[in-house]
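Open the model in your viewer and keep the selection box at hand. We will go from stop to stop, choosing something to select each time and saying what is there.

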Amino acid sequence: MLHGETYQKSQKIRTGILYFSGAGNTECLALIFQGVFARRGDCKVVFFERITRKLNLEALPEFDILGIGFPIYFRRTPSIVFETIDRLKGKGQSVFTFCTKGMYSGNVTRDILSRCASTGLVPVGHFEAFMPGTDILLLFARKGSLTERIVKKMHSRHLDRKANQFAEAVLQTEGPSIPRVKWYTPIENKVVKPLERLVTRDYQVFKEGYYVLPGRCTCCLLCVQNCPEDNISLQDGRIVFGNHCDHCLRCIHHCPTEAIQIGIKTLKTVRYWPKATEGLKILIEGNNSE
Ligand SMILES: Cc1cc2nc3c(=O)[nH]c(=O)nc-3n(C[C@H](O)[C@H](O)[C@H](O)COP(=O)(O)O)c2cc1C
Ligand code: SF4
Ligand code: SF4
């Protein structure tokens, strides 16, 4: 059942998709959902937009159901996604969320669905998929290494089928569905998080800052155009990074000359862009084969 003032049963269900994505995993899942809704006879996809600071929410067409996609960074929803949800003025329309993760998403489901509810939307479900860890690939996987091969194989299977089933379920959902706090959340806060800080020391690398290797940058400006936070600019012929970074790694993974680095760790590690390479095919078609 759909919610909202505007939906009429005789019409096609107007479906909108907003997604945030760094290297591109969530973009792949968003494309899968776009395909799922576009193929349904009862639905029509009215917009499909990547979340950035420049996204003009006022210009989006009216919708009956909205899908919001995002990756898990540091076991949380990237703050730009929350800020976008806060700017959405819901009129009681249905909303479902979907996320991609390398391993573990903490209490994200409850956090994101509650946030959607607080802005006047009716949350009807949340979908999660495992995808190759874009952080692991950049920080730990040398090109051609076994780590690279293993991490790239770590993704959910049969995503198209699962997304189809999920779409069917959310369109039938009668009322708001926000899960309770997970029973293990207190243990996680008191035990797992402190332990995790030891293991993820390498995230300190982000504090070292991003820089461009002299001589490698061709000033193509792809990073400037692609940064969702408008955090990169060209100043006096040099690429400069500001202080509003989500650590989505889009600039690094997509730079055509691999000029962008963090510390020295990333000089020989993998760059990953699933939509532009065979990755999208593997993530979509590979998932459908038994
Ligand atoms: C800075 C950073 C932090 C991450 N933290 C987590 C995490 O806490 N848990 C997890 O399961 N995956 C984590 N990941 C992996 C991403 O969630 C995963 O690779 C996701 O599919 C990336 O999607 P994207 O390509 O759309 O950005 C992290 C990735 C990055 C770049
Ligand atoms: S994407 Fe890479 S090559 Fe292009 S401007 Fe940015 S740093 Fe330079
Ligand atoms: S500077 Fe790079 S990592 Fe930071 S938000 Fe922009 S694209 Fe993402």
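The tour below visits a sheet, a hairpin, three ligands and a few loop residues.

Before you start, note that this is a predicted model: local features need pLDDT of at least 70, side-chain atom pairs count only at pLDDT 80 or more, and totals for chains, interfaces and linings use all residues. Residues are numbered from 1 along each chain as its sequence is written, while chains are lettered from A and ligands numbered from 1 in the order in which they are written.

**Stop 1: the sheet**

Select the five strands that form an open sheet in the order β2-β1-β3-β4-β5, with parallel pairing. Strands here are DSSP runs of E with at least two residues, helices are runs of H or I with at least four, and both are numbered from the N terminus; two strands pair if DSSP finds at least two bridges between them. Look at the edges: β2 (43–50) and β5 (122–130) each have a single partner strand, so one side of each is left without a neighbour in the sheet. On average, neighbouring strands of this sheet are turned by 15° against each other, direction ignored.

Now select β4, residues 94–101, which pairs with β5 in the parallel sense over eight bridges. Phe 96 is a good landmark, as it stands opposite Gly 125 in β5. Add helix α6 (residues 159–172), which packs on the sheet and touches β4 and β5, its direction making about 170° with that of β5. Such angles run from 0 to 180 degrees between N-to-C directions, with axes fitted to C-alpha atoms, for helices over the stretch in contact; contact means C-beta atoms, placed from the backbone, within 7 Å.

Just before this helix, select His 158, in the loop between α5 (146–153) and α6. Its phi is near 55°, a positive value in a residue other than glycine.

**Stop 2: ligand 1**

Which residues come closest to ligand 1? Among the 25 that surround it, they are Gly 22, Asn 25, Thr 26, Pro 71 and Gly 102; a residue is near a molecule if its C-beta atom, placed from the backbone, lies within 6 Å of it. This shell draws at least three residues from each of domain 1 (13–186 + 277–288) and domain 2 (204–268), with bounds from an automatic or database domain assignment.

**Stop 3: ligands 2 and 3**

Select ligand 2 and its 14 surrounding residues, of which Cys 217, Cys 220, Leu 222, Cys 223 and Cys 255 come nearest. Then move to ligand 3, which has 13 residues around it, the closest being Cys 227, Cys 245, Cys 248, Arg 250 and Cys 251.

**Stop 4: the hairpin**

Select β7 (residues 232–235) and β8 (residues 238–241), which pair in the antiparallel sense over four bridges. Ile 232 stands opposite Phe 241 in β8. Two residues lie between the strands of this hairpin, and Asp 236 in the turn has a positive phi of about 50°.

**Stop 5: Trp 273**

Finish in the loop between β9 (260–262) and α10 (279–288), where you will find Trp 273. Is Trp 273 buried or exposed? It is partly exposed, because 17 other C-beta atoms lie within 10 Å; 20 or more would make a residue buried and 12 or fewer exposed, with C-beta atoms placed from the backbone. Measure from Trp 273 to Arg 250: they are 23 residues apart in sequence and 8.6 Å apart in space, C-alpha to C-alpha. Leaving aside neighbours within four places in sequence, Trp 273 is in contact with Ala 23, Gly 24, His 253 and His 254.

Conventions
Contact = placed C-beta atoms within 7 Å.
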